[in-house]
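Got the viewer open? Load the model, colour it by chain, and follow along stop by stop.

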Amino acid sequence: MALLELRNVYKAFGGLQAINGVNLKVEEGEIVSIIGPNGAGKSTLFNLITGVYRPDRGEIYFQGRRIDGLRPDQVCRLGIARTFQNLRLFNNLTVLENVLIPQHHRLGLHWIHAVLRTPAYRRREEEMRATALEKLAFFGPRLMTFRLHQPVRVLSYANRRRTEMARAMATGAKLLLLDEPSAGMNPRETQEITQIIRRFRDEGGYTVVLVEHKMNLVGEISDRVVVLDYGEKIAEGDYREVIQNPRVIEAYLGRKEG
Amino acid sequence: MRDRILTLATLILATLAIYGLTQMEGSGSLVSALTLVFIWSIAAISLNLINGQLGILSLGHHGFMMIGGYLTALLMLPEKERSPFRTRLLSDWARENLDLNRWLEALGLGFLAQSTDAKFVIALILAGLAAALVGLIVGIPSLRLKGDYLAIVTFGFGEIIRLLPNAPEVARFTNGPLGIKGVPGDAGTLWWTFAVFLITLWFFSRLKFSSYGRAFEGIREDEIAAEAMGVNLAYHKVLAFSISAFFAGVAGGLYASYLQSVDTQTFNFFVTFFLLVAISLGGLGSITGAVLGTAIVLLVRIYGGFLEEPRPAYVALFAISGLMILAFAFSVYIRRARHLRPVIEPKHLIFLGTGVGLMLLTLAFFSTPFVQQEVQFFGMRKILLAVLLILIMIYRREGIMGRSEFSWKLLFGPREDIPTEEQRKQDAWLTNPELNPDAGKGNNGAS
Amino acid sequence: MRVPITTRGTLFVVLAVFFLLVGWRIQALPDYTLARVVQDFLNALTLGSLYALIALGYTMVYGIIRLINFAHGEIFMLGAYFAFFAMVLTPLPLALALLTTLLLGGTALLVTRSLFNLESPKKTAGLAFPLLVGIFVLLGFRQLGWIEALFLSMIATAVSGVLLELVAYRPLRGAPRESMLITAIAASFFLQNMGQLVFGPYVKGFNPETVLNRPLSFRIGPEEVYFTGVLLVVPLITGLLLLLLNFFVTRTRLGKAMRATAQDAEVAQMMGVNVHQVIALTFFIGSTLAAAAGVMYAIRFGQIHPLMGLLPGIKAFAAAVIGGIGSLPGAVLGGLLLGFIEIYVVSLFPTLSAYKDVFAFVLLILILLFRPSGLIGEDLTEKV
């Protein structure tokens with residue numbers, strides 16, 4: 001059984017058919033990249049999976065459970081977490097708080113416990129803190145010491161990206177959806193992100209789906225590449241095969257005249 | 001440990017101070033001022049949960065307070081005040097049944113009815129619960145709406161609640177425009193309000209620094225991200241509204257007891273406005289700020305009476321011109337501090353010119369009856385509050401405290417968000433390729 | 001899942017419900033005769049027009065800077081008071097008239113100079129001279145009738161509106177919308193209390209001697225319908241002002257700049273529109289309309305007081321939202337609708353008359369909840 005499966009999904013905004021009958025299967029432990037020109041529907045696809053939008057037609061399954069029509073927080077609870085294309089962090093909260101909030105849904109205690117600070121609550125709080133530190137440790141010590149207590153807004157762009165990924169991991173998800181994880185990063189940082197994504201799978205046991213524009217990153221880590229154009233899946237397979245595909249070349253570069 | 005001792009010491013000191021104050025001769029006005037500070041702080045702290053922590057501008061707080069006030073008043077109203085003569089518009093049903101004594105008897109808890117304090121505890125809790133129920137209903141629109149539209153909806157709810165007691169059908173339960181008089185004043189005393197204030201403080205600070213508090217703040221920072229991270233928006237918003245309304249209801253009940261009456265004018269929109277000024281001044285999102293802001297704003301309200309006393313017109317004219325010149329000086333100061341050029345803008349010169357001109361004119365016509373007449377500035381305090389709020393919004397939106405709270409650590413402890421020398425060096429080593437050729441390879445430090 | 005509600009459908013349903021209710025109650029209430037239907041219709045039309053005039057100010061300001069100008073009701077109140085004083089205090093002693101002229105005219109010129117791009121001294125003088133002389137003549141020589149007072153009041157109120165924008169709202173450009181709303185509420189409180197302080201907290205009579213106040217009547221069957229000229233003039237003036245406004249917004253250069261700013265202030269600025277000016281202009285026009293509404297409201301009800309702007313202000317805001325905030329015809333439609341609902345609810349359901357103010361809020365909440373774009377407004381839902 002595939003971890004994530006999209007069956008014939010459609011989504012239109014007004015007259016614009018943003019997603020046009022997409023089928024997609026992601027197996028556990030895979031790293032799948034979704035590429036395509038601007039406006040091809042990549043981010044819409046993420047929004048459909050995470051419940052921000054509801055598909056007009058078609059079904060989405062996660063671990064065999066149908067998830068289309070669920071709210072984003074319900075989808076997150078089932079084990080899908082995401083990052084955003086233009087960073088949506090809790091800017092005035094500290095790094096630690098940013099990584100604690102996604103664990104809130106697993107607290108499992110009534111708010112009375114939180115106010116009374118019952119032993120059960122204290123224990124959970126300790127555990128949540130430990131998890132937060134564990135996830136931040138993925139990115140080396142840079143977010144671990146004093147930055148832990150700094151508000152996110154003062155961090156560098158790359159550190160914010162890292163915090164956002166740590167935040168997604170902290171939800172307890174199995175599947176990470178990364179929307180352009182290397183956007184705005186320099187080549188060195190991109191290189192680092194590539195390593196991190198690989199370690200997500202190898203060390204963290206996550207399955208990763210990412211939308212990305214930087215082809216060398218995609219080529220380096222993807223087990224499989226899916227190409228979208230005008231809301232349709234035009235190619236799928238190994239990176240090297242896919243970039244040879246004439247339809248893909250056409251989508252990116254246009255048809256050769258004559 | 002140190003923090004606990006300090007907190008305990010402060011508590012004991014505060015209690016002693018309050019004890020001393022109640023024993024002192026002629027401290028009546030101070031006692032009632034402090035009582036009001038406690039009552040309004042409870043309301044401000046509760047409003048702060050929605051406006052500051054959840055980030056939803058709620059303008060219906062007076063409605064919640066009103067429900068608490070009326071319910072407490074009705075439940076606690078003594079037998080002799082319940083006569084048809086005293087409460088003309090109240091229906092017989094309400095007169096008979098909205099009585100805590102009766103219910104306690106019916107439940108076989110008649111012994112509780114002996115103590116007014118015990119009855120107040122129950123009445124206030126019931127008042128809070130009733131307000132919380134309404135808060136829950138008012139909170140539901142927050143699931144569909146955002147920003148200023150939502151603010152207007154909460155305002156609409158608050159106004160509907162305020163307008164209803166006058167309507168004939170509802171007046172059967174509220175005694176309409178006549179209001180309810182003769183409410184026992186036991187819960188409106190310093191000790192009572194102090195105790196409830198401490199409970200409120202404890203409750204809200206515990207809530208703020210818990211997983212739930214973080215979830216609220218997450219919603220304030222970015223609703224979409226919070227939802228994507230598994231925070232159930234509907235549950236948390238409605239929860240915050242209910243909790244906030246509960247404490248607003250309790251504050252309303254205390255206030256009704258303090259005034260020993262309620263009517264439809266007790267809780268008008270000015271109440272919410274007043275609280276809004278208080279929490280904006282203190283710093284939206286900060287509990288400490290809410291208390292601080294309330295204290296300052298109340299100070300203006302209670303001790304600002306001299307502003308509204310009758311005095312010769314020239315005093316007022318001089319004050320106005322003086323204020324204009326001050327405003328000019330202030331804006332120049334601000335522009336200098338912010339390194340804006342030109343330091344003196346033409347429009348600021350208008351202030352200076354008007355101020356100086358007015359002053360000269362007053363001096364020139366000093367002996368005329370117009371300048372010598374007695375004038376009185378009613379509502380000066382409200383005007384001052386309004387101006388204060390506008391100035392806060394323009395010049396210091398974060399208020400006094402920002403979002404931070406008072407803590408002993410803030411006073412004495414080391415700051416965790418500032419790197420030590422060692423940490424700074426390590427950080428430089430991590431990020432600077434000249435020092436560390438391996439930086440950016442991804443595995444640094446962790447492996 | 002949001003059920004799509006079309007504009008036409010909503011309008012149709014609203015009107016159908018309205019007529020059905022009226023029809024049902026007319027045959028249910030024996031003393032509700034045709035004469036009373038006509039009488040109510042006149043009253044509703046007038047009240048609705050007044051709400052519409054105020055609502056236009058709300059809708060224009062909201063359309064352009066997304067600010068619910070809570071203080072607009074107070075601007076309306078100022079309009080009535082300025083006209084009142086213009087009628088009561090004139091003729092002023094010449095020295096005082098000169099001083100007032102210079103103050104009022106000077107501020108008006110300062111404010112409008114940037115509005116109408118009167119950068120060249122010659123042009124400014126061309127406007128300034130007639131304006132100043134006009135104001136001086138009006139103030140100095142005889143007691144004013146309500147029309148001249150209305151004219152003066154419109155200038156003075158417009159200046160107040162622009163000053164409000166300048167002092168309270170402009171420094172907050174780019175601030176969170178909640179902060180702007182809080183400021184607007186504070187401004188509203190400020191003006192209310194300032195009004196009480198300066199004008200006195202008491203009700204003042206407002207009964208200028210005009211033909212408009214003379215009671216008239218006509219017969220329908222056995223009963224008579226009473227009315228005054230105001231009942232007829234108010235809708236006429238409202239219609240006229242609306243036409244003028246519509247022409248201005250759609251046909252003139254400044255009007256186009258205004259619509260561009262409403263679409264996207266930042267881009268408009270890059271395209272050479274002076275956004276600050278355009279916003280000030282919006283306040284200018286909105287306040288003028290509010291002044292007109294204030295004066296006519298005062299004539300209609302015969303009295304003014306410093307808190308008179310409160311309820312009409314809120315109701316007009318409700319009207320703007322009902323019509324679809326940001327849309328000019330929407331504001332007029334909403335205003336009329338609210339006027340009709342208010343009058344007919346009281347008339348057809350006498351037992352509900354205590355709830356007539358509650359009703360406006362209920363309607364406001366329902367509209368915001370289920371159709372926040374109003375009856376004919378654009379969709380304002382935020383994008384993810």
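Start in chain B and select helix α12: 22 of its 27 residues are buried, so this helix is largely enclosed by the rest of the structure. Buried here means 20 or more other C-beta atoms within 10 Å of a residue's own; 12 or fewer makes it exposed, anything in between partly exposed, and the C-beta atoms are placed from the backbone. Helices (H or I, at least four residues) and strands (E, at least two) are DSSP runs, numbered from the N terminus.

Some housekeeping before moving on. This is a predicted model, where local features need pLDDT of at least 70 and side-chain atom pairs count only at pLDDT 80 or more, while totals for chains, interfaces and linings use all residues. Residues are numbered from 1 along each chain as its sequence is written, and chains are lettered from A and ligands numbered from 1 in the order in which they are written.

**Stop 1: along α12 and out into chain B**

α12(B) covers residues 233–259, and from first C-alpha to last it reaches 38 Å, close to the expected 39 Å. That expectation is 1.5 Å times one less than the number of residues. Step just past the helix to Gln260(B), which has a positive phi of about 60°.

Now zoom out to the whole of chain B. You should be looking at 20 helices and four strands, with a C-alpha trace that spans about 90 × 80 × 50 Å along its principal axes. Of the 447 residues in the chain, 42% are buried. Take the contacts in chain B between residues at least 6 apart in sequence: 80% of them join residues at least 24 apart. A contact means two C-beta atoms, placed from the backbone, within 7 Å.

**Stop 2: where chain B meets chain A**

Show chains A and B together. Their contact takes 42 residues from chain A and 38 from chain B. On the chain B side, select α9 (190–208), α10 (211–221), α11 (223–228), α12 and α20 (421–431): these elements each give two or more residues. Which of them has the largest share of that side? It is α10(B), with seven residues. Colour this side of chain B by class and you get 16 nonpolar, eleven polar and eleven charged residues. For that tally, Ala, Val, Leu, Ile, Met, Phe, Trp, Tyr, Cys and Pro are nonpolar, Asp, Glu, Lys and Arg are charged, and the others, Gly among them, are polar.

**Stop 3: the sheet in chain A**

Go to the start of chain A and find an open sheet of four strands in the order β2-β1-β4-β5, with antiparallel pairing. Two strands pair if DSSP finds at least two bridges between them. The edges are β2 (16–26) and β5 (65–66), each pairing on one side only. Between β1 (residues 4–13) and β2(A), eight bridges run antiparallel; click Leu6(A) and you'll find Leu24(A) of β2(A) opposite. Helix α1 (residues 42–49) packs on the sheet and touches β1, β2 and β4 (57–62) of chain A, at about 65° to the direction of β2(A). The angle is taken between N-to-C directions, from 0 to 180 degrees, with axes as lines fitted to C-alpha atoms, for helices over the stretch in contact.

Next, select β3 (residues 31–35) of chain A: four of its five residues are buried, so the strand is largely enclosed by the rest of the structure. Four parallel bridges link β3(A) to β8 (residues 207–211), where Ile31(A) has Val208(A) as its bridge partner. Another strand, β9 (residues 224–229), also runs parallel to β3(A) through four bridges, with Val32(A) opposite Arg224(A). From β9(A), follow the hairpin into β10 (residues 232–237), an antiparallel pairing over five bridges. Two residues sit between these strands, and one to click is Tyr230(A), with a positive phi near 45°.

**Stop 4: the core, and over to chain C**

The largest nonpolar core has 296 residues, and Leu176(A) and Ala80(C) touch the most other members. Such a core is a set of buried Ala, Val, Leu, Ile, Met, Phe, Trp, Tyr and Cys residues joined through C-beta atoms within 7 Å. Its largest share, 17 residues, comes from α11 (residues 275–301) of chain C.

Centre on Ala80(C). Beyond neighbours within four places in sequence, its contacts include Phe206(C), Gly294(C), Val295(C) and Met308(C). Then select α11(C), where 23 of 27 residues are buried. Just after this helix, Gly302(C) takes a positive phi of about 75°.
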